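Here are my notes for someone opening this structure for the first time. Have it on screen while you read, and take the points in order.

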Amino acid sequence: MATEHPEHPEQPPLPRTWRPLGPRIAAATFGVVLIGAFAWLWLQFDDETRAKVNNLEKATVILIVLLGLGLLNALARSRVVARADGLTIVNGYRTRRLAWSEVGTVRMPQGAPWPHLQQGEDQKISLLGIHASDGARAATAVRELRALVAAHHS
């Protein structure tokens, strides 16, 4: 059931998920390019060169490609999810769940790649699910998230 608060007009209904569009497109594109480039390179080798590549070397290349795909996947799966009970922040492979009472101030400094939650003087939690490269989409996400935080702190 969606929750709306008229005193915070920019507050979206819950649950609400924000994901970065540009980084997800880039991750998918670079993943295809990575696999395609290594496959193309392998196919360009003549039979004699392919025969000289041992299993350990093949495994090493496959491991490097898988590591690259894992890093791209970590970037693509980042998100911020607001629910009635709090905020879930997924940055790469790390997930944090915060009750609304634990959520600090949403900050988006000029020129920063993504916003963060200011949890105190020394603690910040990056919000990789909202990426400045998305432009107006990111600005809207920050406004919506700030409205939700304000509604749950009032």
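When I say that residues meet or touch, I mean contact, that is, heavy atoms within 4.5 Å. Keep in mind too that this is a predicted model.

1. Start with the helix pair. With contact taken in that sense, α1 brings Pro-23, Arg-24, Ala-27, Phe-30, Gly-31, Leu-34, Ile-35, Phe-38 and Trp-42 up against α3. On the α3 side, the residues they meet are Lys-58, Val-61, Val-65, Gly-68, Leu-69, Leu-72, Leu-75 and Ala-76. Sorted by character, the residues of this contact come out as 13 nonpolar, 2 polar and 2 charged.

2. How do these two helices lie against each other? Helix α1 covers residues 21-44 and helix α3 covers residues 55-76, and they pack at an angle of about 170° with their axes 8 Å apart. Angles over 145 degrees count as roughly antiparallel, so that is what α1 is to α3.

3. While you're there, have a look at Ala-28, which also sits in helix α1. Is Ala-28 buried, exposed or partly exposed? Its relative accessibility is 47%, so Ala-28 counts as partly exposed. Ala-28 and Leu-69 lie 41 residues apart in sequence, yet their C-alpha atoms are 9.2 Å apart in space.

4. Next, the sheet of 4 strands. This one is open, runs in the order β1-β2-β3-β4 and pairs antiparallel. At its edges are β1 (16-18) and β4, each pairing on one side only. From one strand to the next, the twist averages 15°. Helix α4 packs on this sheet and touches β1, β2 and β3, with a direction at about 140° to that of β1.

5. The middle of that sheet can be followed bridge by bridge. Strands β2 and β3 are antiparallel over 5 bridges and form a hairpin with 2 residues between them. Val-80 has Ile-89 in β3 as its bridge partner, while Ala-82 has Leu-87. How much of β3 is covered? Mostly, it turns out: 6 of its 6 residues are buried.

6. On the other side of β3 comes strand β4, residues 94-99, and these two pair in the antiparallel sense over 6 bridges. Asn-91 is bridged to Arg-94 in β4. This is a hairpin as well, with 2 residues between the strands, and Gly-92 in it takes a positive phi near 65°. For background, most residues other than glycine have a negative phi.

7. A backbone detail that's easy to miss: the peptide bond from Leu-14 to Pro-15 is cis, with omega near -5°. As a rule, most peptide bonds are trans. You'll find Pro-15 in the segment before β1.

8. Now for the core. The largest nonpolar core holds 20 residues, and those with the most contacts inside it are Trp-18, Leu-87, Leu-117, Ile-130 and Leu-145. At least two residues of this core come from each of β2 (79-83), β3 (86-91) and α4 (136-153). Which of these elements gives the most? That would be α4, with 6 residues.

9. Ile-130 is a handy place to look around from. Setting aside neighbours within four places in sequence, Ile-130 is in contact with Trp-18, Val-80, Pro-113, Trp-114 and Pro-115, and also with Ala-138, Ala-141, Val-142 and Leu-145.

10. Don't skip the open sheet of 3 strands, which has the order β5-β6-β7 and antiparallel pairing. Strands β5 (105-107) and β7 (124-126) are its edges, each pairing on one side only. Ignoring direction, neighbouring strands here are turned by 30° against each other on average. Strand β6, residues 116-118, is joined to β7 by 3 bridges. Leu-117, one of the core residues listed earlier, has Ile-125 in β7 as its bridge partner.

Definitions and conventions. Residues numbered from 1 in each chain as written. Predicted model: local features only at pLDDT ≥ 70, side-chain atom pairs only at ≥ 80, totals over all residues. Heavy atoms only, no water. Core = buried A, V, L, I, M, F, W, Y, C linked by side-chain atoms within 4.5 Å. Buried < 20%, exposed > 50% of the residue type's maximum accessible area, 1.4 Å probe, protein only. Pairing = 2+ DSSP bridges. Axes fitted to C-alpha atoms, helices over the stretch in contact; angles between N-to-C directions. Parallel < 35°, antiparallel > 145°, perpendicular 65-115°, else oblique. Nonpolar A, V, L, I, M, F, W, Y, C, P; charged D, E, K, R; others polar.
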